[in-house]
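User: Hi! Could you walk me through this one?
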Amino acid sequence: MNEVTPDKKIDIRGLVCPYTFVRSKLAIEGMEIGQVLEVLLDYEDASINIPKSMQDHGQSVLKVDKINDKEWILLIRKEKD
Amino acid sequence: MDFTEDQIHRYSRHIILPEVGGKGQEKIMNAKVFIVGAGGLGCPVGYYLTAAGVGTLKIIDNDKVELSNLQRQIAHSTDRIGMPKVDSVKKTFEALNPDVNVIALNQKITKENIFDLIGDCDVVVDGSDNFPTRYLVNDACVMAGKPLVSGAILRFEGQVTTIVPKLGHCYRCLFEEMPPAGLVPSCQEAGVLGALPGIVGGLQAMEVLKYILDKGDLLTNSMIIFEAMKARFRKVKVPKNPDCPVCGNNPTITELQDYDAEHCRLNF
């Protein structure tokens, strides 16, 4: 499978809930349907909560990757406005 | 959607709602709301709309703050007795949220000025305390096609309805004529338990926000009646009256009237 290339990247390291989701949601809102957002974060709860909330809001979670001890990368594809 | 850091924090609980989001918050921040009355209802309506970040809040009232207002009119305070009510709420609202442009109009609303006042607003809120104003605001909003969130309180009971001209009923579909002065409660009879305007004003603010966001069901075909003593909310259907003198098929009221009959001002 080909690697997905994100259309937009945000770095929300240092942020905690709910601002992790607020930032991710604002980023997604500003994108086109079908585009992919990459989120870099270091707040463990958000690595679970952001994908869950994004799915609740109708978006697709393509990847949740723990890249080291305390950092995660999420890939989210915008499915709806 | 370029929010400042402060705005992202201030409105975060709106932004995370699927029905609001950054786009909905932007709608709220672009909205212009006109509130009639800075009393029992105008205070909580304006307070919540200010907190929500409504772009412009225009509020009109020609009364001054009195000690007897403070049991329920929550945007005023003891050190503001004697100050025009609209100046008092402007101070309170600006302290809560400096983003909001509060336009304070210390004047009476009349048939001469009302069209200018509502003309540039997206939605009108009636928090007035007397029937002449209530009918003036209704008729003007119907004629100008402005949505109107109407609220009223007395003693332990309150009512809220939303009038979207052409779409649903208006105030005259419900109550065609102003009650004669003798049937209006005298000032001694017109008490109100202090938390009641907070409940009714809160419902009005919620209707305004839903209208701005274009989400949910508005009270355009119904009225909520709250009975505090029974702790009961009732939602009653309100049909549009095809014979309504102002919004019916053959209206007889086609221009604003002389509304200032001899009515006791209840001073809510």
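User: How many residues does each chain bring to the contact?
Analyst: Chain B brings 14 residues and chain A eleven, with contact meaning heavy atoms within 4.5 Å. This is a predicted model, where local features need pLDDT of at least 70, side-chain atom pairs count only at pLDDT 80 or more, and totals for chains, interfaces and linings use all residues. Residues are numbered from 1 along each chain as its sequence is written, chains are lettered from A and ligands numbered from 1 in the order written, and side-chain values use heavy atoms, leaving out hydrogens and water.

User: And how much area do chain B and chain A bury?
Analyst: About 1,100 Å² between them, 63% of it on carbon and sulfur atoms; that is accessible area (1.4 Å probe) lost on putting the two parts together, summed over both. On the chain B side, Ile8(B), Ile16(B) and Lys23(B) lose the most, together 40% of what that side buries.

User: What does the side chain of Lys23(B) meet?
Analyst: Asp81(A), in a salt bridge at 3.5 Å, N to O. The rule (a side-chain nitrogen of Lys or Arg within 4 Å of a carboxyl oxygen of Asp or Glu) finds two salt bridges across this interface.

User: Switching topic, what is Leu57(B) in contact with?
Analyst: Leaving aside neighbours within four places in sequence, its contacts include Val33(B), Leu49(B), Phe93(B) and Ile103(B).
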